[in-house]
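Reader: Could you walk me through one part of this protein up close? I'd like to hear about the packing on the inside.

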Amino acid sequence: MKNIAIIGAGITGLSAAFYAKKAGNSVKVFEKMSRVGGVMHTLQKNGFTYETGPSTGSVSLPEVVELYEDLGIQDLLEQASSIAGNRFILKKGKLCALPSGLISGLTTPLFSWKDKFGMPFEPFRKRGTDPNESLSEMVRRRLGQSILDYAVDPFVSGVYAGNPDVMIPKYALPKLYNLEHNHGSFIRGTIAKMKEPKPERNKKATKKVFSTQGGLSVLAEHLEKAIGKENFVLGLSPVVVQENGKFKIVAGENSVGPFDNVIYTAGASHIFEALPFAQEKFPGANQVLYAKVSEVAIGFNKWEGVPLNGFGALMPSKEKRNILGILYMSTLFKNRAPKGGALLSVFVGGLRHPDFIDLPEDKFKEMVCKEVADIMKIPNMKPDLFEVTHHEEAIPQYDLKTPVREEAYKGIEKAYPGILMGGNGIDGIGMAKRIAQGRELAGRV
């Protein structure tokens with residue numbers, strides 16, 4: 001048995017603590033916020049259940065399902081129906097379905113005829129030679145400008161609140177990068193991956209959109225209970241101190257320890273607050289660009305807009321809209337809005353409009369309501385719920401700073417044996433990635 005300190009009680013830290021304890025270790029979780037879950041937070045108001053942080057995840061890895069199974073709450077894992085496969089992109093004021101097959105790919109108004117007819121020639125285009133090529137350059141080179149403008153750009157702004165001009169596929173989208181790097185083509189690579197035998201365990205990775213019945217805070221609460229509420233120190237900023245080959249944690253006026261291992265799972269920008277002794281040797285560890293994002297929960301007791309028959313709608317940069325995207329939360333999951341009503345999650349800001357997060361409250365609400373009413377064809381925009389959460393550091397961008405950060409994280413682990421580095425600064429941002437990383441960190445201990 002080892003005595004382990006975990007810095008951060010977000011989904012990564014909670015997963016690490018749960019699996020470390022499950023393996024027979026003693027754990028103590030330190031979190032500067034006064035509750036567990038990190039940015040994962042569910043609230044209820046006026047008959048609506050809404051998120052103020054991550055709204056959904058994807059069951060892209062088996063670790064998601066296994067976490068619910070290991071907690072004994074597999075019945076609470078809520079996977080969205082097949083209707084969530086319908087994704088919409090705004091073009092010239094109209095919501096157009098993102099193509100899902102050959103026929104819809106040919107008939108869609110989203111892409112130019114040049115790029116549609118050029119698709120079969122993608123396997124014959126030259127392989128890229130620059131590992132630091134931007135996502136925009138890669139997609140433009142292999143697929144064409146219109147596919148960049150009306151498929152990739154809105155995806156990047158919707159998922160990462162980012163910009164494909166600065167995103168580096170090698171770090172942000174390694175699976176996509178490896179299709180070309182290993183197989184010379186997206187299409188050839190996809191076909192090769194489809195032919196590979198899949199382990200039985202991988203069948204759990206349904207790729208479906210997921211949440212927890214009652215909201216993602218329910219998952220955090222079950223993890224807290226399984227880890228033991230007595231094993232949390234909340235509301236204090238933890239500082240790691242080296243002591244005789246081990247570690248202690250100073251939190252406020254208290255000193256806790258000694259610990260054999262420290263698992264860091266908080267944000268990259270705050271690393272030297274917890275590990276001040278690493279700053280001089282590894283200054284690149286906190287080099288990260290975060291997108292600012294405002295998340296707006298908008299609820300209607302009676303829905304009168306366009307049919308909410310999908311996952312949501314994304315806004316390409318070319319459309320010059322003042323929002324990034326809209327998720328149809330009451331379509332994806334049960335009991336999120338009153339019967340006959342609707343709940344939307346609207347995202348604003350990102351690298352596209354970072355200044356919007358600082359708008360006066362009345363101006364911000366006016367702007368968002370105008371955009372949503374126009375896009376969703378709402379005749380009388382008087383929502384019954386309008387709740388805003390501003391995130392100064394919402395989503396880390398996987399750009400050219402990423403390899404510098406990764407090398408610094410590895411350097412810290414090597415220089416200070418017993419410290420393990422995680423968090424959304426490395427290995428991706430999705431819920432599945434965070435759960436898998438937490439479990440992997442516990443496994444390394």
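Author: Here's a look at the main nonpolar core and a few residues in and around it. Keep in mind that this is a predicted model, where local features need pLDDT of at least 70, side-chain atom pairs count only at pLDDT 80 or more, and totals for chains, interfaces and linings use all residues. Residues are numbered from 1 along each chain as its sequence is written, and side-chain values use heavy atoms, with hydrogens and water left out.

The largest nonpolar core (buried Ala, Val, Leu, Ile, Met, Phe, Trp, Tyr and Cys residues joined through side-chain atoms within 4.5 Å) has 44 residues, and Leu 135, Met 167, Val 209, Leu 332 and Leu 343 have the most contacts inside it. Helix α6, residues 145-159, gives the largest share, 6 residues. Helices here are DSSP runs of H or I, at least four residues, and strands are runs of E, at least two, numbered from the N terminus.

Take Leu 332, which sits in helix α12. Leu 332 counts as buried because its relative accessibility is 4%; buried means under 20% relative accessible area, exposed over 50%, partly exposed in between, with a 1.4 Å probe and protein chains only. Leaving aside neighbours within four places in sequence, Leu 332 is in contact (heavy atoms within 4.5 Å) with Thr 56, Ala 80, Ala 84, Val 209, Gly 310 and Phe 311. Thr 56 is 276 residues away in sequence, yet the C-alpha atoms are 9.1 Å apart.

Then there's Arg 336, in the loop between α12 and β18. At 1% relative accessibility, Arg 336 is buried too. Beyond four places in sequence, its contacts include Glu 51, Glu 78 and Leu 343.
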